[in-house]
Amino acid sequence: LVMVFYGSNGKSDPVSMENEVEHQAENQITYDIHLPSDLGMLYKVRLGLQGLENSISQLSLCHFKMQNTSTLDTFSLTINKTLPLSLNGDRWIEFPVEWPLKEALSVVTYHLTVFSRNILSERNLVHMTACIHGTHGDTGDRPLLWSLQNVQQGEDNESFLVIMDAVELGELDKVVLLISSETDCKLDIKKLHLKEAVKEHPTYVFEVNEVFSVDANKPEIQREIPVSFVIRGDKQKNDTENNVHKVHSQARTLTEYTIKVHTGDKRGAGTDANVHIILFGNEDKSEIFQLSQSLEHQDPFERGKVDTFKIKTKQLGSLHSIEIGHDGKGFASGWFLEKVEITDASRNSVYCFNCNRWLAEDESDGRTVVQLYPQPLDF
């Protein structure tokens, strides 16, 4: 049994109960736990099981009670749940902590819809978890492939729904995926939609658009995906208007972006593969642009060269990230991308996205597509 405590100033490391038993009676165990004083006011506890990968053991939790030994403030809760919540299921439950004169958060059921191409066919050999982050903390790593709802499967597209309970997270800002497999495979994930079960809006959209090359003999892949945009409903408007705020930008004038792509000066750094880019702003995201018409070179992305491209798209606001990568086609398609500089003349803004890594299936983590975040520029 492991516990994680969340306070107003952060969260504790996982506290293992394995060696913490102080007093034990029939059906009751008491622990003395020393938490960092800088956690602040505790507002949430997460309980879970670890180290049961090859076990069918279960743990029934009936009641939870904790007391601050300094102030004698006491919190008590009846749980009556058994972990895991189902066979091979979620091994975590969490609940808000209620203190006297302190308003507690509520437990929310979240619906996470995964849009992909081939996960369902590999699900029995693949291990995938998601940790959802918001202004009120995170969910911890929750399994995605143990109990799927609303499964839809086509020839090239599929989607499924994952349901998880968590103390309300507030405004969501990112999802961290962990992916591993018992066999080598490639997993094509398109995007994630996340919302509260009882509400139609807001829906948080996390664009992934990446093919993960999973190696059974390598550590699990971790990918941090920031929110791309939010679909917010408006009760004052009818359904045709009640859509993503990005729809409003379609009537706006187009914005021109100048994109300078710097290929590294390393042996074999250039590529003939097809390179694409997506821009993400705080108001919207662009469509996928294929970078093929360099203003300087007929053959772009050669070693040590800088290629300039101009694109026009809707107003995106301030850029917070980009996706850039290639399709791996052609001989020796591996590419060493040094950095990308983007100028938005309409806002008098310049963004620099450092990369300094190989985008190649046969290098390091095998990724050919990356998400980059801007570095501050000194003028």
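The following questions and answers concern strand pairing and cysteine burial in a predicted model.

Q: Why is cysteine 131 called buried?
A: Buried means under 20% relative accessible area. Cysteine 131 has a relative accessibility of 7%, so it counts as buried.

Q: What makes cysteine 355 buried or exposed?
A: The relative accessible area of cysteine 355 is 14%. The cut-off for buried is under 20%, and cysteine 355 is therefore buried.

Q: How many disulfides does the structure hold, and what would make a pair of cysteines count as one?
A: A disulfide requires a pair of cysteine sulfur atoms within 2.5 Å. The structure holds 0 disulfides, so no pair of cysteine sulfur atoms is counted as meeting that limit.

Q: What makes β14 and β20 edge strands of the sheet β14-β15-β10-β17-β18-β20?
A: This open sheet has 6 strands with antiparallel pairing. β14 (149-153) and β20 (229-231) each have a single partner strand, so one side of each is left without a neighbour in the sheet. Neighbouring strands of this sheet are turned by 30° against each other on average, direction ignored.

Q: How do you know that β18 and β20 pair?
A: Pairing requires at least two bridges between two strands. Strand β18 (residues 203-214) is joined to β20 by 3 bridges, so the two strands pair; they run antiparallel. Threonine 203 stands opposite isoleucine 231 in β20.

Q: Why are β22 and β23 said to pair?
A: 2 bridges join β22 (residues 275-281) to the antiparallel β23, and the requirement of at least two is therefore met. Histidine 276 has glutamine 290 in β23 as its bridge partner. In the open sheet β23-β22-β25-β28, β23 (289-290) is an edge strand that pairs on one side only.

Conventions:
Residues are numbered from 1 along each chain as its sequence is written. This is a predicted model: local features need pLDDT of at least 70, side-chain atom pairs count only at pLDDT 80 or more; totals for chains, interfaces and linings use all residues. Side-chain values use heavy atoms; hydrogens and water are left out. Helices (H or I, at least four residues) and strands (E, at least two) are DSSP runs, numbered from the N terminus. Axes are lines fitted to C-alpha atoms, for helices over the stretch in contact, and angles run from 0 to 180 degrees between N-to-C directions. Buried means under 20% relative accessible area, exposed over 50%, partly exposed in between (1.4 Å probe, protein chains only).
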